[in-house]
Amino acid sequence: MSRRRKLRESAPVEVALTGMAHRGPAVGRIDGQVVFAFYGIPGEQVRVQLERRRRKFLQAHVVEVLEPSPDRIAPACPYYGVCGGCQWQHLGYAAQVRLKRQIVEEQFARIGKQSVTVDQVHTPSSPWAYRYGCEIALSRAAGFRQRGSRRVVEVEQCAISHPLISKLLTTLNTMIQDGRIPDLWGMNWVETRVIPQGESVKLALVLEGVRNVDLVAQPELRAVLAALSTIPEAISVSYRTPSGAVEPFAGPALVDVEILGKQIRFPPGAFFQANVEMLPTAIARMRDLAAVQADETVLDLYCGVGIFGLFMAEDAGRVIGIEVDAQAIDAARQTAAQWGLQNTEFWDLSAEKVTEDLPQFDVAIVDPPRTGLDPRVLRAVAGSTPSRVVYLSCEPSTLARDAALLKEEGYRVERLELFDFFPQTYHVESLALFRRC
Ligand SMILES: C[S@@+](CC[C@H](N)C(=O)[O-])C[C@H]1O[C@@H](n2cnc3c(N)ncnc32)[C@H](O)[C@@H]1O
């Protein structure tokens, strides 16, 4: 029997949970060793099943709650605990928000080596049905991945996703049962976006794969694309080719997403914020914090389809957006032209590449992936001495790490706000205003 299996079949162990860790589990100690216990809550006495033994910690999940926290509630979703999408449905919503604030502040103290207080937490109108984007894995059924595994859990309804995504899950499962979509062993998935257009909502679907989608080598995927194209709400069906580019199969290569009454050109497969309802608040807060003047230049680094820079162009003298995804940059240019903007430029370059030759700018907006800023990029941005750096982050640990580096470069956190873009999960979006001292 493997060591892991032996651990999984060992007798549950009692533990007192004392804190909440950054990526969702509660924390306790067993014989002095740290244990990360999924589905636990600080203050609880629980029994856990060990799952993994690492050099510095144990990983486990709660199997019995002996003394529950007052924050514990019954999860609303029948897939909770099996599906890996949510980690915090067992926590009341007020507690989720409190813990996210606490975790971000702890990350700043521990990794960022500075004391920073969260000034404000923005929450959505409902902590349910908020997700406009997700990846639906295709296997013997359609659904989401199990926690810590590639295995696919069949899901018919997703409580945190837009109702159109739940409808799509049901449709895909029917198509698999009917044989219109074969068992793809979880090697392929449908990158799904709900596209708000005025009063109506549509779907943009991109078929993706572990080795992308090669229609010559895998002719069966043509039938999957054809099946997706029959879904009435799908206005665009495309696939990611082995080169990484997204090719349309049915419908247009770009669709329009309506935000704040304006149309944003979006190439399916590019990045788009998943909580569309909270996006206007994030744009408004970013504009407020940046307080860009009419004679100032804004650098929008990691700009995606240019959403922040495009709205900021109403305040600024000049906006330069930089993004590695050429299709997103092409879309940003098209949006700027449709809006009649004369003061924007969008460059399809990697941030690392552009640091060799950064233009002059007064304000930087940075919205990097989870990995945060490459140290070379950070030093190049700081070396251009903008008076403000507005940093939107989906990963508190890398934000805190970069805050420490920005501090060395003379930048202090002036304001920190959180956006709860992802209720029922540990994920949190942070918006930090750094000012040059
Ligand atoms: C968190 S998203 C933000 C996008 C945009 N600000 C928005 O909110 O829609 C990060 C973006 O960085 C881009 N990206 C990733 N690595 C990059 C790099 N090395 N250089 C430039 N852009 C990069 C991704 O393609 C993605 O669009």
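How many nonpolar, polar and charged residues make up the shell around the ligand? The first legend below gives the count; the model is predicted.

**View 1. Residues surrounding the ligand in the predicted model.** The ligand is surrounded by 15 residues. Gln273, Glu323, Ala351, Glu352 and Asp367 are the closest of these. Sorted by class, the shell holds 9 nonpolar, 3 polar and 3 charged residues.

**View 2. Contacts to nitrogen atoms of the ligand from Glu352, Asp367 and Tyr302.** Glu352 places a polar side-chain atom 2.8 Å from a nitrogen atom of the ligand. For Asp367, a polar side-chain atom likewise lies 2.8 Å from a ligand nitrogen atom. Tyr302 contributes through its backbone, with an N or O atom 3.0 Å from a nitrogen atom of the ligand. On its own the ligand has 600 Å² of accessible area, and the protein covers 86% of this.

**View 3. Packing of helix H2 with helix H10.** H2 spans residues 93-110 and H10 spans residues 396-408. The two helices pack at an angle of about 35°, and their axes are 8 Å apart. Their crossing is right-handed.

**View 4. Side-by-side listing of the residues where H2 meets H10.** From H2, the residues in the contact are Val104, Gln107 and Phe108. From H10, they are Pro396, Ser397, Leu399, Ala400 and Ala403. By class, the contact comprises 6 nonpolar and 2 polar residues, with no charged residue.

Definitions and conventions
Residues numbered from 1 in each chain as written. Predicted model: local features only at pLDDT ≥ 70, side-chain atom pairs only at ≥ 80, totals over all residues. Heavy atoms only, no water. Near = heavy atom within 4 Å. Polar contact = N/O pair within 3.5 Å; in protein donor to acceptor, adjacent residues only side chain to side chain. Areas by Shrake-Rupley, 256 points an atom, 1.4 Å probe, with all protein chains shown as cover. Nonpolar A, V, L, I, M, F, W, Y, C, P; charged D, E, K, R; others polar. Axes fitted to C-alpha atoms, helices over the stretch in contact; angles between N-to-C directions. Helix = DSSP H or I, 4+ residues; strand = E, 2+ residues; numbered from the N terminus. Left-handed = near helix turned anticlockwise from the far one by under 90°. Contact = heavy atoms within 4.5 Å.
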